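Here are my notes on the structure you sent over. Please read them with the model open beside you.

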There are 2 protein chains.
Amino acid sequence: MTTAKKTPRGPADPKRRDRIIAAVLDVMTTEGLIGTSHRAVARAAGVPLGSTTYYFDSLEDLLAGALEKLTDDYAEALRAWAGPLAGHDRRRLALAMTDLVVDYLSDDSGRIRVEYQLYLAAMDRPRLRPLAAQYTATTVDVLSTLVPHSTAVALSAVLDGFLIRGLVSPVPLDRAELEDAFAAICTHHD
Amino acid sequence: MTTAKKTPRGPADPKRRDRIIAAVLDVMTTEGLIGTSHRAVARAAGVPLGSTTYYFDSLEDLLAGALEKLTDDYAEALRAWAGPLAGHDRRRLALAMTDLVVDYLSDDSGRIRVEYQLYLAAMDRPRLRPLAAQYTATTVDVLSTLVPHSTAVALSAVLDGFLIRGLVSPVPLDRAELEDAFAAICTHHD
DNA sequence: CTAATCTATGTACGGACGTACACTTACGGA
DNA sequence: TCCGTAAGTGTACGTCCGTACATAGATTAG
């Protein structure tokens with residue numbers, strides 16, 4: 001074998017695909033799932049309408065791409081968050097989870113809203129279901145590096161519950177209640 | 001004032017309105033939020049298209065009506081569920097909540113899916129947000145008749161978290177993990 | 001240089017949608 | 001009985017959508 005290199009033909013700009021996915025997230029943030037169409041995405045990405053169907057087979061594929069990216073980013077961020085927590089006591093974990101919820105809801109509420117919109121959209125769209133499942137599996141996996149599996153499952157459920165509530169409720173979550181709930185689970189069986 | 005009775009003019013069938021709302025729920029169950037249009041609802045209810053805009057100002061109003069009914073039904077059912085639990089110990093409550101989740105997901109998964117789909121829709125549609133908030137407030141209110149408020153908040157978050165997971169996850173929830181999570185919260189501070 | 005081939009785009013089609021609104025129907029008062 | 005008025009409906013309009021597809025542009029092999 002001399003130089004039998006794979007010859008990628010044209011420009012085949014991989015950035016373009018990523019730009020489109022980023023645009024999906026932008027549109028979902030500002031217009032909601034309801035306003036996320038090929039045309040809106042193309043406009044936001046600054047690409048021709050045709051590109052959105054060239055890089056993605058269907059609208060559902062577009063959403064799938066967005067959910068996949070979201071899951072990857074989330075996994076990385078959560079792992080970075082969990083790293084420094086290893087070896088500390090459970091109380092400390094409860095506080096960290098409280099901060100996680102509060103920070104997400106204050107700094108990144110747009111991003112979180114998009115995450116749950118896609119998550120719930122998976123109920124309708126079979127193509128998205130495995131990705132949505134992967135999303136929650138990530139939370140359990142990462143927490144499992146800190147606590148037993150069953151505890152991780154419980155913490156992850158509470159996390160989901162509080163985030164969803166925070167997204168819809170008109171009154172902000174009570175920090176003390178968050179701490180209490182996380183602590184109840186963290187210190188169980190200790 | 002002799003017999004100055006209010007004279008409701010025509011037939012003004014109030015059943016019609018309810019039938020339309022029931023049809024919204026049916027359509028959402030079978031077609032999802034994505035397929036819930038005036039036309040689909042009218043077809044399912046067996047009423048002319050015009051009726052759907054006669055009884056409801058807009059599609060958002062239609063969804064609001066459905067969410068309102070769902071909330072009312074849920075409140076009633078949950079109160080009935082909680083009644084017999086008063087006075088029993090916390091362990092018993094944890095078991096009852098586990099059963100609640102398992103039963104909802106097996107018997108009524110269609111109904112539950114619709115509930116969370118409307119919840120999702122509320123993120124996009126301001127008109128629905130107060131109703132969605134009311135929905136979760138109901139859970140906390142009812143649980144507050146059994147346990148302290150902060151415990152009720154925690155239980156309600158876990159409940160939401162597990163139900164959502166159950167709707168999306170390809171693998172069924174582990175009963176033991178549910179019990180464990182609810183018990184952790186129920187027995188905290190005991 | 002030319003042909004072949006792959007990348008990318010603009011346009012157009014068929015359909016569904018939300019909603020407005022002119023209209024019909026049926027009732028109650030006189 | 002007849003009329004005014006409210007209840008309820010059918011149709012049509014303008015818009016937007018997903019997607020197919022013919023074409024244009026770019027790149028390399030020969």
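The points below take the chain pair first and the domains of chain A after that.

1. Status of the model. This is a predicted model. Please read every value here as computed from that prediction.

2. Symmetry. Chain B superposes on chain A after a rotation of 180° with 0.1 Å of shift along the axis. The RMSD is 0.1 Å. That is the relation of a two-fold axis. Both copies use the same surface: 100% of the contact residues of chain B recur in chain A.

3. Extent of the chain interface. In contact are 42 residues of chain B and 43 residues of chain A. The two chains bury about 3,600 Å² between them. Carbon and sulfur atoms carry 63% of that area. On the chain B side, M123(B), R165(B) and V168(B) lose the most area to chain A. Together they make up 20% of what that side buries.

4. Polar links between the chains. Two salt bridges cross the interface of chain B and chain A. In a salt bridge, the side chain of R165(A) meets that of D160(B), at 2.9 Å from N to O. There are also 12 residue pairs in polar contact between the chains, with both residues at pLDDT 80 or more.

5. Which elements build the chain B side? Four helices each give two or more residues to it: α6 (109-124), α7 (129-144), α8 (149-168) and α9 (175-186) of chain B. The most comes from α8(B), with 14 residues. By class, the side of chain B that touches chain A has 22 nonpolar, 11 polar and nine charged residues.

6. Domains of chain A. The assignment gives domain 1 (13-56) and domain 2 (71-186). Their centres, taken over C-alpha atoms, are 27 Å apart. Domain 1 of chain A puts five residues into the contact, and domain 2 of chain A puts in seven.

7. What does the contact between the domains bury? Domain 1 and domain 2 of chain A bury about 500 Å² between them, with 74% of it on carbon and sulfur atoms. Of the area that domain 1 buries against domain 2, 79% comes from L25(A), M28(A) and L33(A), more than from any other three residues.

8. Polar character of the domain contact. The count of salt bridges between domain 1 and domain 2 of chain A is zero. One residue pair is in polar contact across this interface, with both residues at pLDDT 80 or more. The side of domain 1 that touches domain 2 has three nonpolar, two polar and no charged residues.

Key: Residues are numbered from 1 along each chain as its sequence is written. Chains are lettered from A and ligands numbered from 1 in the order in which they are written. This is a predicted model: local features need pLDDT of at least 70, side-chain atom pairs count only at pLDDT 80 or more; totals for chains, interfaces and linings use all residues. Side-chain values use heavy atoms; hydrogens and water are left out. Copies are superposed by least squares on the C-alpha atoms of residues with pLDDT of at least 70 in both. Contact means heavy atoms within 4.5 Å. Domain bounds come from an automatic or database domain assignment. Buried area is the accessible area (1.4 Å probe) that two parts lose on being put together, summed over both. A salt bridge is a side-chain nitrogen of Lys or Arg within 4 Å of a carboxyl oxygen of Asp or Glu. A polar contact is a pair of N or O atoms within 3.5 Å; within protein, one must be able to donate a hydrogen and the other to accept it, and residues adjacent in sequence count only if both atoms are side-chain atoms. Ala, Val, Leu, Ile, Met, Phe, Trp, Tyr, Cys and Pro count as nonpolar, Asp, Glu, Lys and Arg as charged, and the others, Gly among them, as polar.
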